Amino acid sequence: MRYICHKSWLGGWFLPQRKSYFALQLPKGWWIFGLDLALHGDIDVYQFKFFAELCRNKVGENDSVIIVTHEPNWLLDWYWKETTGKNVSHLIQDYLNGRCKLRMAGDLHHFMRHSATPSDKPTFVEHLLVNGCGGAFLHPTHVFKNFERFSGTTYECKAAYPSYEESSGIALGNILKFRKKNWQFDIIGGFIYFILVFSMFPQCNLVHILNEETWSGRLQSFSSTIWSALLFIFEHSYVSSVGSLTLLMASYSFVPSKLTRKKRAIIGGLHVLAHLTAALVLMLLMELGIEICIRNHLLATSGYHPLYDWYRSMESEHFPDPTGLRTRLEQWTLGLYPACIKYLMSAFDVPEVMAVTRINICKNGMMSLSRSVLIMYYTSVFIYFWIFSTPVVSLIFGSYLYICINWFHIHFDEAFSSLRIANYKSFTRLHIKKDGDLEIFTLAVDKVPKDWKLDPKWEAEERGPHQLSHHRRYPSKWRSASSPDPVRSVRVVDHFTITRTVAPDPETSC
């Protein structure tokens, strides 16, 4: 509305539209209908009346019509198992009645063309074309490879960009590149994992795992400990069980509604189980590492504040205080002067704090420690556990997206938007030939440059005061500053011709 109907700046063009929909008569009996499907996927009564009267009064019996919409409801309705655009279908079937040769749309960020197969039944639309490759990221094509029927007509996919095989291979990036592309996911992912196992810290009875003589025995004992911890979460824990149930509900809601409730529950449950199992494994590995360090006298040898004790000894030895200044500072600051230094130095000895607190909890219980010590302990545990868990949570979530997109053909939007692929750009051009046939080209660039620079040829070219850019020899102010150059790498990925409708010879018909 802003750029077209309100005549705002749009690349130097001012379009003659006053409404969000339009009809444009082209040479050789061709028309373009631009429909506004709004947010409900259909045209309103005013649009329907406008185009219906146009079909009755101006569009000839042998004319051909191209219908353009913002989204391809033929693919989306098939995917989501819905039926939208009833007024559009009524207009095409009952008013155009076979004169619609091509339907075009964007919205899905890929290119696909389906053409009607020969049949004795009437064909209301000959070709279905979607090209949204100008979008911010790429959408898959292999998710829609089983589409073959729309409005009672059977269609065959004639072109797809990227191809089905290439699209399926791109999805592998969710396993290999998810964390690199979505590093912000680490922040919430590590926090969720810590909530899942918060009630499990510390694990005091891990000696039986270390006492096993064989690796198979240790693995079996480790697995049984994980199972016991899982049962403990749902039987005795409050924080971890609430976190697990909340994650389960979120995972169930995240699964697309096109699946049945049973399948959504199974997929969501397996997804949460994978995360919960991974969190428990990381928790036990971390606790085992601390236990091994304690048994080998690498930790828990100096108490809570070994670094601060060393600092005080060095301070009293090399910086004597005969006037008692430090004592007065402690009184004036109400004890904040040594306390701040003590706890700041504890931050540089987190493993020692974890080990000492763990021993005290296992010997005397949680209630034997002060609240400040417990806060310091869980903060220390959270820091290390967050570092260990962030790669794992990204790997599991990326693997979930890969499995869903390639096995179940769901999450096509999330699985590819997470990859942020800026390549695979294409655009479609239509050319009416002298004989009236419509020739359609789709040109594509597999990889786009990342940097751009000013084109000196554009600046040096002489131009008139009102000369339009597409009439110039160098129409673009910019050129690529990195390879590949789109001007040299552009290629045709689809080319087909729609034959114009020829009026029957009166003598032959008689």
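Me: How far apart are the end C-alpha atoms of residues 187-210, and how much of the span is helix?

Reply: In this predicted model, the end C-alpha atoms of residues 187-210 lie 33 Å apart, and the span is 58% helix and 0% strand. The stretch is one of those that UniProt, in an unreviewed entry, lists under "transmembrane region", together with residues 230-254, 266-286 and 375-403. For residues 266-286 the end C-alpha atoms lie 30 Å apart, with 100% helix and 0% strand.

Me: How many aromatic pairs are there by the rule for rings, and what makes Trp31 and Phe33 one of them?

Reply: The count comes to 28 aromatic pairs. For Trp31 and Phe33 the centres are 6.4 Å apart and the planes meet at 75 degrees; since a pair needs centres within 6.5 Å, and planes over 60 degrees apart count as edge-to-face, this is an edge-to-face pair.

Me: Why is Trp31 called buried, and why is Phe33 called buried?

Reply: The word buried asks for a relative accessible area under 20%. Trp31 has 4% and therefore meets the condition, and Phe33, at 0%, counts as buried as well.

Me: Why is the pair of Phe194 and Phe382 called edge-to-face?

Reply: The ring centres of Phe194 and Phe382 are 5.1 Å apart and their planes stand at 75 degrees, and because the limits are 6.5 Å for the centres and over 60 degrees for the planes, the pair is edge-to-face.

Me: Why can one say that this pair ties together parts that are 188 residues apart in sequence?

Reply: Phe194 lies in helix H7, residues 185-196, while Phe382 lies in helix H16, residues 371-408, so the ring pair joins parts that are 188 residues apart in sequence. Ring pairs also link Phe194 and Phe382 into a cluster with Phe191, Phe198, Phe201, Tyr377, Tyr378 and Phe385.

Me: Are Phe194 and Phe382 buried or partly exposed, and how do you know?

Reply: The area of Phe194 is 7%, which is under the 20% limit, so Phe194 is buried. Phe382 has 27%, which falls between 20% and 50%, so Phe382 is partly exposed.

Me: What makes Lys258 a charge over the ring of Tyr79, and where does Arg113 lie?

Reply: The charged end of Lys258 is 3.8 Å from the centre of the Tyr79 ring and sits over that ring, and the distance can be set against a limit of 6 Å. Arg113 lies over the face of Phe496, at 3.9 Å from the ring centre, which can be set against the limit of 6 Å too.

Me: Why is His127 called buried, and what joins its side chain to that of Ser115?

Reply: His127, which has its place in strand S6, residues 125-131, has a relative accessibility of 11%, and because buried means under 20%, His127 counts as buried. A polar contact of 2.8 Å joins the side chains of His127 and Ser115, a value that lies within the 3.5 Å limit for such contacts. Leaving aside neighbours within four places in sequence, the residues in contact with His127 include Arg113 and Phe496.

Me: How do you know that the phi of Ala38 deserves a remark, and what is the phi of His411?

Reply: Ala38 has a phi near 55 degrees, which is a positive value in a residue other than glycine, and His411, also not a glycine, has a positive phi of about 60 degrees. Ala38 sits in the loop between strand S2 and helix H1, whereas His411 sits in the loop between H16 and helix H17. With 35%, Ala38 lies between the limits of 20% and 50% and is therefore partly exposed, while His411, at 1%, is under 20% and so counts as buried.

Me: Why is Ile226 called buried, and which residues is Ile226 in contact with, leaving aside its neighbours within four places in sequence?

Reply: Ile226 lies in helix H9, residues 215-235, and its relative accessible area of 13% is under 20%, so Ile226 is buried. Apart from neighbours within four places in sequence, Ile226 is in contact with Leu280, Val281 and Leu284. Ile226 and Ala278 are 52 residues apart in sequence, and their C-alpha atoms are 9.9 Å apart in space.

Key
Residues numbered from 1 in each chain as written. Predicted model: local features only at pLDDT ≥ 70, side-chain atom pairs only at ≥ 80, totals over all residues. Heavy atoms only, no water. Phe/Tyr/Trp six-rings, centres within 6.5 Å; stacked < 30°, edge-to-face > 60°. Buried < 20%, exposed > 50% of the residue type's maximum accessible area, 1.4 Å probe, protein only. Helix = DSSP H or I, 4+ residues; strand = E, 2+ residues; numbered from the N terminus. Lys NZ or Arg CZ within 6 Å of the ring centre and 35° of its normal. UniProt positions renumbered as here; feature names shortened; annotations may be inferred. Polar contact = N/O pair within 3.5 Å; in protein donor to acceptor, adjacent residues only side chain to side chain. Contact = heavy atoms within 4.5 Å.
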